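Please look through the sequence and the coordinates before reading on, and keep both open while following the text.

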Amino acid sequence: MIVVAVPLFFLEVALGQFSRKGPIGVWAMCPPMKGIGYGILILSCVIIPYYSMVFAWALYYLYSSFSIDLPWATCGNSWNTPLCVAAGESRRTTNSSAEIAMLSLNTTETMDSNQSETFTNAFGHTSTEEFWQYKVLVISSGIEDMGSLQPHLVICWFLTCLSMFLCVMKGVKSLGKVVYVTATMPYVLLTVLLVRSCMMPGAVDGILFYLTPDFMRLQTTQVWLEAILQVFFSSGPAWGSLIVIASHNSPHNNIVRDALLVTLLGELTSVYAGFIVFATVGFLAHNLELPVADVITSGPGIGFVVYPEAVSLLPVPQLWSVLFFLVVLMMGFDTMVYHWFRLLLNHVNFLWSLVVYCSYSKCMRLNNGVCCDWSEILSK
């Protein structure tokens, strides 16, 4: 945080506040580096579809949370396979290669130990995992099989785009009102989830696993890469959003204070959320009689597989599921709103520069190479 997050945050906020321009216009102070602004514009076009789909997944989970029985808590649904194990049940294992082959590969050839372990790994066949893979994603057999559009995700994605438009259609004024809710409400919901998580058996084991350092892992480069990724996702440097928001600051705003407070608050929020996640994972590990390390997963699995499975084991699981996915939606909402805002401002700057350039070129042709003033340019 000290070496990367604070300096980058300070640099971008200073650029935006001093220039009063977006990620493209800010590089008028150094034209050879203007390509960075266009790179940010391209990055926005790539990252927004990704974030909108994550938002759509969370929205579909929130919708499913209002069911009488959580759909990912049981087997026997149309998307489940014969290997499905309901959430909270004992992990199914088998040593019969013939049984595995009959259920999964329909072949009688002998599998090696790695293949057997893959197919008997119950975590890959829990009802939550199958709901995620075969109901939400309807995952295909491979990259060569593109599959088809899923109506439930299309509807959720459309609602995502509509909500983003309603938030940014009036610029900073409407955006500020939305952020008052989406930036503060997650702390209230996280606190409620933390209190409930700490009341569950096994929560202490999960928290101790979270707080116990393993200094030997500092020797691996992957740990440092993950730390850098955490900085970029929690503090937001190099995305262009900081430049956009800082361009609306007062010229005399204290950017040193902002750089220290915002980065510190962002990292502390990540740590605070980690207590909730690992307390819940500890409860899940206790319920399944497994070590906490065997329950941990990376990527979207911890938010869409592990945590929903743990929530389904609680009393009134629908309530806790709704609260959790509301937190996910609000945090994703803040990120998406700023990306949309940055993208729109970048496009406006880019189109305005293009219009001025084309008008200036036309004016030069009409005046036989004589330079034009602004009134002549804008009249063309």
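The paragraphs below take up the aromatic rings, then a disulfide and other cysteines, then a serine, and finally the empty spaces.

The model is predicted, and every value given here should be read with that in mind. A convenient place to begin is with the aromatic side chains, among which the count comes to 20 aromatic pairs. One of these pairs is formed by W72 and F131, whose ring centres are 5.5 Å apart and whose planes meet at 55 degrees, so the pair is classed as tilted. The reason is that an angle over 60 degrees would be needed for edge-to-face and one under 30 degrees for stacked, whereas the planes of W72 and F131 stand at 55 degrees. This pair links distant parts of the chain, since W72 sits in the loop between α2 (34-64) and α3 (97-105) while F131 belongs to helix α5 (residues 127-136), with the two positions 59 residues apart. Both W72 and F131 are buried.

W72 also takes part in an aromatic pair with F325, and here the geometry is edge-to-face, with 6.3 Å from centre to centre and 70 degrees between the planes. From the loop between α2 and α3, W72 thus reaches a partner in helix α15 (residues 317-366), and the two residues are 253 residues apart in the chain. F325, like W72, is buried. W72, F131 and F325 all belong to one aromatic cluster, whose other members include W57, W79, W132, Y307 and F324.

What joins C75 to C84? The answer is a disulfide, with a distance of 1.9 Å from S to S, and the count for the model comes to one disulfide. A disulfide is a covalent bond between the sulfur atoms of two cysteines. The link of C75 and C84 is left-handed, with -80 degrees about the S-S bond. Its two ends are classed separately by accessibility: C75 counts as partly exposed at 27% relative accessibility, whereas C84, at 9%, counts as buried. Two further cysteines can be described in the same terms, with C156 buried at a relative accessible area of 7% and C161 partly exposed at 22%.

S163 is found in helix α6 (residues 151-168). Is S163 buried or exposed? Its relative accessible area is 19%, and because the limit for buried is under 20%, S163 is classed as buried. When neighbours within four places in sequence are left aside, S163 is in contact with F55 and F333.

Helix α6 returns in the description of the second largest pocket, which has a volume of about 390 Å³. Its lining is made up of 14 residues, and L137, M146, S148, Q150 and L153 are those that lie nearest its centre. Both α2 and α6 supply at least two residues of this lining, and α6 gives the most, with three residues. By class, the lining of this pocket divides into 10 nonpolar, four polar and no charged residues.

Turning from pockets to cavities, the count comes to two cavities of 30 Å³ or more. The second largest cavity holds about 50 Å³ of space, and its lining includes L193, R196, M200, T280 and W320. Y307, named above as a member of the aromatic cluster, is also one of the residues that line this cavity. The elements giving two or more residues to the lining are α8 (185-198) and α14 (301-311), and the largest share, three residues, comes from α8. This lining has six nonpolar, two polar and one charged residues.

Technical notes
Residues numbered from 1 in each chain as written. Predicted model: local features only at pLDDT ≥ 70, side-chain atom pairs only at ≥ 80, totals over all residues. Heavy atoms only, no water. Phe/Tyr/Trp six-rings, centres within 6.5 Å; stacked < 30°, edge-to-face > 60°. Helix = DSSP H or I, 4+ residues; strand = E, 2+ residues; numbered from the N terminus. Buried < 20%, exposed > 50% of the residue type's maximum accessible area, 1.4 Å probe, protein only. Contact = heavy atoms within 4.5 Å. 1 Å grid on protein atoms, 1.4 Å probe; cavity = no way out; pocket = protein on both sides within 12 Å on 5 of 7 lines; lining within 4 Å. Points joined across faces, edges and corners; volume = space filled by probe spheres on them. Nonpolar A, V, L, I, M, F, W, Y, C, P; charged D, E, K, R; others polar. Disulfide = S-S within 2.5 Å.
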